[in-house]
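Let's read a fold together, one feature at a time. Have the sequence and the coordinates open as we go.

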Amino acid sequence: MFLARVVVTLKPMVNDPQGDTIGNGLRDLGFDTLESVRAGKYFELRVAETDEGAAKEKIAEMCDQLLANPIIEDFSFQLEPA
């Protein structure tokens, strides 16, 4: 069994209104040195695979098919035995 920690973020050229709103709120709270905020999503997935290569392949398929929109989002993940 493996645990995957998946991070999904908007591609750099995609506008991020949620990140902008969070950034404005933080500046309103006095965090004046804040340059920018990009919002994203985080998932923890456990897969019942015994082979690390197969686990990586399954996680990538899950990201491509549902967890991330490949047109506007990028994803990365770390895999470790669970």
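Q: How many strands make up the sheet, and in what order do they lie?
A: Strands and helices here are DSSP runs (E, at least two residues; H or I, at least four), numbered from the N terminus, and two strands pair if DSSP finds at least two bridges between them. In this structure, 3 strands form an open, antiparallel sheet in the order S2-S1-S3. Strands S2 (40–47) and S3 (73–81) are the edges, each pairing on one side only.

Q: What should I know about the model before going further?
A: This is a predicted model, where local features need pLDDT of at least 70 and side-chain atom pairs count only at pLDDT 80 or more, while totals for chains, interfaces and linings use all residues. Residues are numbered from 1 along each chain as its sequence is written, and side-chain values use heavy atoms, leaving out hydrogens and water.

Q: Which residues can I use to check the strand register?
A: Strand S1 (residues 2–10) is joined to S2 by 8 bridges; Val-8 has Lys-41 as its bridge partner, and Thr-9 has Gly-40. Between S1 and S3 there are 9 bridges, also antiparallel, with Phe-2 opposite Pro-81 in S3.

Q: Where does helix H2 lie?
A: Angles run from 0 to 180 degrees between N-to-C directions, with axes fitted to C-alpha atoms, for helices over the stretch in contact; contact means heavy atoms within 4.5 Å. Helix H2 (residues 52–67) lies across S1, S2 and S3, at about 150 degrees to S3.

Q: Which residues of H2 are buried?
A: An α-helix has 3.6 residues a turn, so residues three or four places apart point the same way. Buried means under 20% relative accessible area, exposed over 50%, and partly exposed in between (1.4 Å probe, protein chains only). In H2 the buried residues are Ala-55, Ile-59, Cys-63 and Leu-67. They cover an arc of only 75 degrees around the axis, taken from the directions from the axis to the C-beta atoms, which puts them on the same side of H2. These buried residues pack against S1, S2 and S3, whereas Glu-57 and Gln-65, on the other side of H2, are exposed.

Q: Which rings form an aromatic pair?
A: Rings of Phe, Tyr and Trp (its six-membered ring) pair if their centres lie within 6.5 Å; planes under 30 degrees apart count as stacked, over 60 as edge-to-face and the rest as tilted. The whole structure has 1 aromatic pair: Phe-75 and Phe-77 are stacked, 6.5 Å centre to centre, with 10 degrees between the planes.
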